[in-house]
Amino acid sequence: NSVFSGNSAGKLGGAVSVSYTFSGGISNSVFSNNNAGQEGGAVRVGGSFTGNIDNSEFSGNSAGIYGGAVAVIQEFLGNVSDSEFSDNSALYDGGALYLGTDFGAIANNSNINGSVFAGNSAGQDGGAVAVIQEFHGAVSDSLFLGNSAVRYGGARVFGMSSGGFNI
């Protein structure tokens with residue numbers, strides 16, 4: 001139930017930066033026009049993110065390297081639901097979401113449900129979502145519209161394998 005708008009950081013997390021592991025969630029919040037020089041235009045988590053992102057809006061955020069809206073350097077264990085990611089950008093990977101290792105785990109699937117990814121862009125891979133290692137879970141009832149990447153995955157890109165992926 002918070003609003004983060006127009007914040008900036010020279011390196012990490014334009015609005016919020018967590019150095020290590022984050023356990024909790026982002027709910028009913030708005031992140032708009034935040035900027036980070038390196039990772040996580042709005043939110044950057046240096047370790048694992050355990051929790052959900054729900055009923056939140058990320059718009060117009062940008063990062064100089066990874067995760068225009070959200071960058072999680074290790075795994076994301078949770079769900080993204082009923083949220084909107086629009087017009088976010090990253091110079092390299094993950095215009096909206098960048099996940100440095102896994103999305104979910106073999107014993108704990110993560111899902112993207114009822115969410116909108118529109119107009120996000122990445123200078124290299126994953127215009128909307130970049131998962132560098134494995135994706136364990138499903139994408140359902142979501143809209144990916146007008147996202148772009150220079151190299152791979154205008155909507156999304158998954159790394160080495162997609163262990164247990166459903167659309």
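This passage describes the overall build, the sheets and the aromatic pairs of a predicted protein model.

The protein is built from strands: 27 of them are found, alongside zero helices. Along the principal axes, the C-alpha atoms occupy a box of roughly 40 × 35 × 25 Å. Of the 167 residues, 44% count as buried. The accessible surface comes to about 6800 Å², and carbon and sulfur atoms account for 47% of that area. Contacts reach well along the chain: when residues at least 6 apart in sequence touch, 84% of those contacts join residues at least 24 apart. As for charge, there are 4 positive and 12 negative side chains, and a distance of 12 Å separates the centres of the two sets.

We may turn next to the sheets. Six strands make up an open sheet with parallel pairing, and their order is S2-S7-S12-S17-S21-S25. The edges of this sheet are held by strand S2 (8-9) and strand S25 (148-149); each has a single partner strand, so one side of each is left without a neighbour in the sheet. At the S25 end, the link to strand S21 (residues 121-122) consists of two bridges, and S21 and S25 run parallel. Looking at this link residue by residue, Ser121 has Ser148 in S25 as its bridge partner.

Three strands form another open sheet, in the order S4-S9-S14, and here too the pairing is parallel. Its edge strands are strand S4 (22-23) and strand S14 (76-77), each of which pairs on one side only. Strand S4 is joined to strand S9 (residues 49-50) by two bridges, with the two strands running parallel. Within this pairing, Ser23 stands opposite Thr50 in S9. In general, the strands of a sheet pair through backbone hydrogen bonds, in either a parallel or an antiparallel manner.

Side chains add a further layer to the picture, as the structure holds nine aromatic pairs. One of them is formed by Phe22 and Phe49, whose ring centres lie 4.9 Å apart with the planes at 50°, so the pair is tilted; stacked pairs have planes under 30 degrees apart and edge-to-face pairs over 60. Because Phe22 lies in strand S4 and Phe49 in strand S9, this pair ties together parts that are 27 residues apart in sequence. The strands S4 and S9 that carry these rings are also joined by the two bridges described above. How do the two rings fare in terms of burial, buried or partly exposed? Phe22 counts as partly exposed, at 22% relative accessibility, whereas Phe49 is buried, with a relative accessible area of 0%.

Another of the pairs brings together Phe58 and Phe85. Their ring centres are 4.8 Å apart and their planes lie at 0°, so this pair is stacked. Phe58 belongs to strand S11 (residues 57-59) and Phe85 to strand S16 (residues 84-86), so the pair ties together parts that are 27 residues apart in sequence. Phe58 counts as buried, at 0% relative accessibility, and Phe85 is likewise buried, with a relative accessible area of 0%. Both Phe58 and Phe85 belong to one aromatic cluster, which also takes in Phe4, Phe31, Phe117 and Phe144.

Note on methods
Residues are numbered from 1 along each chain as its sequence is written. This is a predicted model: local features need pLDDT of at least 70, side-chain atom pairs count only at pLDDT 80 or more; totals for chains, interfaces and linings use all residues. Side-chain values use heavy atoms; hydrogens and water are left out. Helices (H or I, at least four residues) and strands (E, at least two) are DSSP runs, numbered from the N terminus. Buried means under 20% relative accessible area, exposed over 50%, partly exposed in between (1.4 Å probe, protein chains only). Contact means heavy atoms within 4.5 Å. Accessible areas come from the Shrake-Rupley method with a 1.4 Å probe; for residues, only the protein chains shown count as cover. Lys and Arg count as positive and Asp and Glu as negative; His and the chain ends are not counted. The place of a charge is taken as NZ of Lys, CZ of Arg, CG of Asp or CD of Glu. Two strands pair if DSSP finds at least two bridges between them. Rings of Phe, Tyr and Trp (its six-membered ring) pair if their centres lie within 6.5 Å; planes under 30 degrees apart count as stacked, over 60 as edge-to-face and the rest as tilted.
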